[in-house]
Amino acid sequence: MKDAPRGLARTAQIVRFLLKYRSAGVFTGLDPDALAPADEPVPAAGKPEEFVRDLEALGPTFVKIGQALSTRPDMVPPAYIAALERMQDDVSPIPFDEIREVVESELGARIGKLFEYFEETPLGGASLAQVHRARLRNGREVAVKVQRPGITEQLHSDLDSLNSVATRIDRATDLGRRVQFADWVHEFRKTLIAELDYRTEAENLERFGERFQPYPQLCVPQPVWDYTRKRVLTMDLVHGVKVTDISGLRRMEQDLESLASALMRGYLDQVLVHGQIHADPHPGNLLLTQDGRLALFDLGMVAHIPPRQRDRLFQLLFAAVDGRGEDVVREAIAMGTRLEDFDETRYQREVSQLVAKFSAHRSHSRGLSEGRLVLELTRLGTACGLRTPSELSLLGKTLLNLEIVCSALAPELDVKSVVEGHLNQVMQDRMRQSMSPAKLAGDLMDMQALMRDAPRKVSDVLGLLAENRLQMRVTGLEESHLMENLQKIANRITAGLVTAALIVASALVMRVDVGPTLFGYPAIALVMFLIGSALGLTIVISALMRDRRAPRAEQNGPR
């Protein structure tokens, strides 16, 4: 009983926050007739920074939401996107006694027995966890990531309140039906809950380490499984400097351009070959190690892309770098959901112009990068009535972060040429795989089955046509909304007829001066009139309250 008032209070706090920024353009969608370029943020007189501070004040859940919103230009204006990208996830450290309790509870032994050394001062802290330096009994130096106590319960409570608000917005507003906030909250919940299980992050570390083996310039700290549980992750300690703090002498001694190129190509492989997006490869999550490699960590939030969607993303990106705007439009529409008011002509014109502008500049000097292009596709889609998938926004955010890192490592690197060259390489690899003996054998077996069965099936169809016995059967109609709505219409008509009959009958009986009276009128007539009036009023109220406008017709692209 105590949780209900607390949940209502939290929901009210969230609603106040949303209403505060509704007039500023946040969460109200984009004006299709006033699209500002993505690299020219709309002035907001300090509002974006205040928006970020209010998000941070709402707690860890909303810090994570802010980071997720920074990938959604279709939901948040450009000025707010820029402020969200600067959002700080640093929080004050929690007492070491609480850290000790979590570690000992998860690992089932005292810290003194588990570790030869465990530093009480954290290496760093964030809204969900903090990291401590330690050394195992065998002398192996490790970093121990410990989840903050009570954070899981707080996240679940906040997400329940947020889902309640998002569901109401989707039902009551055109913007909600267009963007589907409840679906976004649902996907965000799944991603965030997965991030709270550090065993998943440990698996991601292992998987990325395996798949980066073709790139010896990249490394990923490996987990120590015996010291890893749901709320505790123990992994190799990486010594190095942030890519933004590399000295001029180090730049002269080492070829950082090859590192940046390997990073971009490795991440493109992760997305387009293996179907995984780590949307947060920002400079704070990469270190230049003492042996001259790039170390990547913090792989808690990794999105998985189905094979068909992965192919669509590849074809879209390949068409974009090749300057084929029409193909970009086709793939974007195939991936997205067309709303009732989707303006395909305008979307094709806007995207074609955008791709042509991107293709005309061979460098990123004017901000026309792959990441900005993909994010702009998302923004244009929402403005023209196309709901784009979340994978497209994640890909754009990932590319944008990678471009920032590459610029910090090697400002003169032509990232566009690296991306274009690697996409050609991936295409060649796919062509070779499609011509492999195993693939060709499978295709031949399918063709053989088709050739064997086709004559019989054609003969059956022709026989039915000749005998005039070809039929088409539609199933499920008796369970559809059509039958339910027809029944509602029939019930309402019947109730209306009964109501009209009662009122007419009461009017006729009013003229008969027999039997008991009530307020000077025949009692039977007055009772029939009151019943008829009550039924009529009920029908009117039901029509006003329950009859809703038909939802927008949405059409998914071919899968």
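**Exercise 1. Find which residues Leu263 touches, leaving out residues up to four places away in sequence, and place Leu263 in a nonpolar core.**

Solution. Step one is to list the partners: once residues up to four places away in sequence are set aside, Leu263 touches Leu218, Leu286, Leu294, Leu296, Leu402 and Val405. The model examined here is a predicted one, and the contacts are computed from its atoms. Step two is to look at the core: the largest nonpolar core has 73 residues, and Leu263, Met264 and Tyr347 are those with the most contacts inside it. Step three is to ask which element gives the most to this core, and that is helix α12, residues 256-272, with 10 residues. A second core, separate from this one, has 34 residues and includes Phe51, Tyr80, Leu162 and Ala182.

**Exercise 2. Describe how helix α12 is placed against helix α17.**

Solution. Two packed helices are described by the angle between their axes together with the distance between those axes. Step one gives both values: the axes of α12 and α17 (residues 390-409) come within 9 Å and cross at roughly 170°. Step two names the arrangement: because angles over 145 degrees count as roughly antiparallel, α12 is roughly antiparallel to α17. Step three turns to the residues that meet, which include Leu263, Met264 and Tyr267 in α12, and Leu402, Val405 and Cys406 in α17. Step four sorts this contact by class, which gives 13 nonpolar residues, one polar residue and one charged residue.

**Exercise 3. Compare the salt bridges Asp236 with Arg140 and Lys145 with Glu201, asking in each case whether the residues are buried or partly exposed.**

Solution. Step one takes Asp236 and Arg140, whose closest N and O atoms are 2.6 Å apart in their salt bridge. This pair links distant parts of the chain, for Asp236 is in strand β6 (residues 232-236) and Arg140 is in the loop between β3 and β4, 96 residues apart. Asp236 counts as partly exposed because its relative accessibility is 23%, and Arg140 is likewise partly exposed, at 32%.

Step two takes Lys145 and Glu201, whose side chains meet in a salt bridge at 3.0 Å, N to O. Lys145 lies in strand β4 and Glu201 in helix α10 (residues 198-211), so this pair ties together parts that are 56 residues apart in sequence. Since buried means under 20% relative accessible area, Lys145 at 12% is buried, and Glu201 at 2% also counts as buried.

**Exercise 4. Explain how Arg456 and Asp460 are placed in helix α19, and then widen the view to the salt bridges of the protein.**

Solution. Step one: Arg456 forms a salt bridge with Asp460, with the closest N and O atoms 4.0 Å apart. Step two: because these two residues are four residues apart in helix α19 (residues 437-466), Arg456 and Asp460 are separated by about one helical turn. Step three: Arg456 is partly exposed, with a relative accessible area of 49%, and Asp460 is partly exposed at 43%. Step four: the count of salt bridges comes to 20, and a network of salt bridges links Arg312, Asp322, Arg324, Asp327, Arg330 and Glu331.

**Exercise 5. State how many helices and strands the protein has, and what share of its residues is buried.**

Solution. Step one: the protein has 21 helices and 16 strands. Step two: of its 559 residues, 43% count as buried. Step three: among contacts with a separation of 6 or more, residues 24 or more positions apart account for 70%.

Note on methods. Residues are numbered from 1 along each chain as its sequence is written. This is a predicted model: local features need pLDDT of at least 70, side-chain atom pairs count only at pLDDT 80 or more; totals for chains, interfaces and linings use all residues. Side-chain values use heavy atoms; hydrogens and water are left out. Buried means under 20% relative accessible area, exposed over 50%, partly exposed in between (1.4 Å probe, protein chains only). A nonpolar core is a set of buried Ala, Val, Leu, Ile, Met, Phe, Trp, Tyr and Cys residues joined through side-chain atoms within 4.5 Å. Contact means heavy atoms within 4.5 Å. Axes are lines fitted to C-alpha atoms, for helices over the stretch in contact, and angles run from 0 to 180 degrees between N-to-C directions. Angles under 35 degrees count as roughly parallel, over 145 as roughly antiparallel, 65 to 115 as roughly perpendicular and the rest as oblique. Ala, Val, Leu, Ile, Met, Phe, Trp, Tyr, Cys and Pro count as nonpolar, Asp, Glu, Lys and Arg as charged, and the others, Gly among them, as polar.
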